[in-house]
Amino acid sequence: MNTDPIADYLTRVRNAIKANHRVVEIPASNLKKEITKVLFDKGYIANYKFEEVGPQGTIKVALKYHPITKIPAIRSIQRISKPGLRKYAGTSSMPRVLNGLGIAILSTSKGVMTDKEARQHNVGGEVLCYVY
């Protein structure tokens, strides 16, 4: 049993990038699927596929690299809110990652979204991770 599945998801992506893998397989959950969709919409991953294999299913994530320099699109991905210490942000205290160049992924009452979308919708929530 894993106590922090989101940290496991982020660590698998981070390790795959360090090893220059093209595809990484991650055990699926609804929250992980939503985080994957946000990463794809913002251009941090090349593609993804949800496979319903077994009781849980898996997410196959195709990582994105620059075609010439082979630099990954995700330079850093780090967990912010942990099970032992949850971090929440209201609309007034929404975090800005690298002065707006990166994104913070939040879990709000209106679903999983980035910090910019949360400001537009005027909602706060749990800060899951920073990506840049």
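Trainee: Which strand does strand S5 (residues 88-89) join, and through how many bridges?
Mentor: Happy to start there, and keep in mind that this is a predicted model. S5 and its partner run antiparallel. Within this pairing, Tyr88 has Glu126 as its bridge partner in S8. So the strand joined to S5 is S8, because pairing takes at least two bridges, and the count here is two bridges.

Trainee: What is the bridge partner of Ser107 in S8?
Mentor: Strand S6 (103-108) is the one to look at. S6 and S8 pair in the antiparallel sense over six bridges. In S8, the residue bridged to Ser107 is Glu126.

Trainee: And which residue of S8 is the bridge partner of Ile77?
Mentor: Here we turn to strand S4 (residues 77-79), which pairs with S8 through three bridges. The sense of that pairing is antiparallel. Ile77 is matched in S8 by Val131.

Trainee: How many of the seven residues of S8 are buried?
Mentor: Good thing to ask after its pairings. Buried means under 20% relative accessible area. By that cut-off S8 is mostly covered, and the number of buried residues is six.

Trainee: Which element supplies the largest share of the largest nonpolar core?
Mentor: That core has 26 residues, and among those touching the most other members are Val13, Leu63 and Val131. H1, S1, H2, S3, S6 and S8 each supply at least two residues. The largest share is six residues, and the element supplying it is H1.

Trainee: How many residues make up the other core, the one with Met94 and Leu106?
Mentor: Val131, in the largest core, contacts residues such as Leu39, Ile74 and Ile105, leaving aside its neighbours within four places in sequence. Apart from the largest core lies another, with Ala118 and Val123 also among its members. Its size is ten residues.

Trainee: In what order do the three strands of the open sheet lie?
Mentor: Let's work from the edges. Strand S1 (23-27) and strand S2 (45-51) each pair on one side only. S1 is joined to strand S3 (residues 58-63) by five antiparallel bridges, with Ile26 opposite Ile59. The order is S1-S3-S2.

Trainee: Which helix packs on that sheet touching S1, S2 and S3?
Mentor: There are two helices to weigh up here. Helix H1 (residues 5-18) lies across S1 and S3, running at about 165 degrees to S1. The helix that touches S1, S2 and S3 makes about 155 degrees with the direction of S2, and this is helix H2 (residues 30-41).

Trainee: Is the aromatic pair of Phe40 and Tyr48 edge-to-face or stacked?
Mentor: The centres are 5.3 Å apart and the planes meet at 80 degrees. Planes over 60 degrees apart count as edge-to-face, so the angle decides the matter. The pair is edge-to-face.

Trainee: Which residues form the aromatic cluster?
Mentor: Two aromatic pairs are counted. Beside the pair of Phe40 and Tyr48, Tyr48 and Phe50 form a tilted one, 5.1 Å centre to centre with 45 degrees between the planes. Tyr48 takes part in both pairs, and the cluster is Phe40, Tyr48 and Phe50.

Trainee: Why does Phe40 count as partly exposed?
Mentor: Partly exposed lies between the buried limit of 20% and the exposed limit of 50%. Tyr48, at 25%, falls in that class, and so does Phe50, at 29%. Phe40 belongs there because its relative accessibility is 32%.

Trainee: Which residue has its charged end over the ring of Phe50?
Mentor: The charged end is 5.3 Å from the centre of that ring. The residue is Lys33.

Key: Residues numbered from 1 in each chain as written. Predicted model: local features only at pLDDT ≥ 70, side-chain atom pairs only at ≥ 80, totals over all residues. Heavy atoms only, no water. Helix = DSSP H or I, 4+ residues; strand = E, 2+ residues; numbered from the N terminus. Contact = heavy atoms within 4.5 Å. Axes fitted to C-alpha atoms, helices over the stretch in contact; angles between N-to-C directions. Phe/Tyr/Trp six-rings, centres within 6.5 Å; stacked < 30°, edge-to-face > 60°. Buried < 20%, exposed > 50% of the residue type's maximum accessible area, 1.4 Å probe, protein only. Lys NZ or Arg CZ within 6 Å of the ring centre and 35° of its normal. Core = buried A, V, L, I, M, F, W, Y, C linked by side-chain atoms within 4.5 Å.
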